[in-house]
Amino acid sequence: MGEDSRDDIRRLLKEFGVRADGAIVAHLAAAAGNQPLRLRCTLEDLTDYGPGAPSTRLHLEVEGTIRR
């Protein structure tokens, strides 16, 4: 894997992190209650490979709890 690919990965993950942080903070401010927030972050490959698709698609889920 080349350095350009690594840079693209880092850029995508940084953008996701910044936007997810803002969305979670806004949601916590708007949602009533004091129970922990249970979240799931999902990563999926949306590429249209045509007939040359890999046998397994990229799919990653991470779940966690945000304390209030």
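1. Is Arg 38 buried or exposed? In this model, which is predicted rather than determined by experiment, Arg 38 is exposed, because its relative accessible area is 54% and the exposed class begins over 50%. The side chain of Arg 38 has a partner in Glu 63, with which it forms a salt bridge whose closest N and O atoms are 3.1 Å apart. Arg 38 belongs to strand 1 and Glu 63 to strand 2, so this pair ties together parts of the chain that are 25 residues apart in sequence. Glu 63 itself is partly exposed, since its relative accessible area is 44%.

2. The pair just described does not stand alone, for salt bridges that share partners join Arg 38, Arg 40, Glu 61 and Glu 63 into one network. As general background, side chains that carry opposite charges can pair when their charged atoms come close. The structure holds seven salt bridges, and two others are taken up in the next point.

3. One of these salt bridges links the side chains of Glu 15 and Arg 19, with an N to O distance of 3.9 Å. Glu 15 and Arg 19 both sit in helix 1, four residues apart, which is about one turn of the helix. With a relative accessibility of 43%, Glu 15 counts as partly exposed, whereas Arg 19, at 60%, counts as exposed. Another salt bridge brings together the side chains of Glu 3 and Arg 10, at 3.5 Å from N to O, and here Arg 10 is partly exposed, its relative accessible area being 43%.

4. The reader may next turn to the largest pocket, which encloses about 230 Å³ of space. Its lining consists of Leu 12, Leu 13, Glu 15, Phe 16, Arg 19, Cys 41, Thr 42, Leu 43, Leu 60 and Val 62, and the elements that give two or more residues to this lining are helix 1, strand 1 (37-44) and strand 2. Helix 1 provides the largest share, namely five residues. By character, the lining residues divide into seven nonpolar, one polar and two charged. Glu 15 and Arg 19, both found in the lining, are also the two partners of the salt bridge at 3.9 Å discussed above.

5. On the surface, Leu 43, Leu 58, Leu 60 and Val 62 make a nonpolar patch of about 340 Å². Among these residues, Leu 43, Leu 60 and Val 62 also take part in the lining of the largest pocket. Val 62 is placed in strand 2, which covers residues 59-66, and it is partly exposed, because its relative accessible area of 49% lies between the limits of 20% and 50% that bound this class.

6. Two distances to Arg 68 help to relate separate parts of the chain. Gly 33, which lies in the loop between helix 1 and strand 1, is 35 residues from Arg 68 along the chain, and the C-alpha atoms of the two are separated by 8.8 Å. Arg 11, which is found in helix 1 (residues 3-30), is 57 residues from Arg 68 along the chain, and in that case the C-alpha separation is 29 Å. As for accessibility, Gly 33 is partly exposed with a relative accessible area of 47%, while Arg 11 counts as exposed at 52%.

Terms used. Residues numbered from 1 in each chain as written. Predicted model: local features only at pLDDT ≥ 70, side-chain atom pairs only at ≥ 80, totals over all residues. Heavy atoms only, no water. Buried < 20%, exposed > 50% of the residue type's maximum accessible area, 1.4 Å probe, protein only. Patch = residues over 30% accessible without salt bridge, like charges linked within 9 Å, V, L, I, M, F, W, Y side chains within 5 Å. Areas by Shrake-Rupley, 256 points an atom, 1.4 Å probe, with all protein chains shown as cover. Salt bridge = Lys/Arg side-chain N within 4 Å of Asp/Glu carboxyl O. 1 Å grid on protein atoms, 1.4 Å probe; cavity = no way out; pocket = protein on both sides within 12 Å on 5 of 7 lines; lining within 4 Å. Points joined across faces, edges and corners; volume = space filled by probe spheres on them. Nonpolar A, V, L, I, M, F, W, Y, C, P; charged D, E, K, R; others polar.
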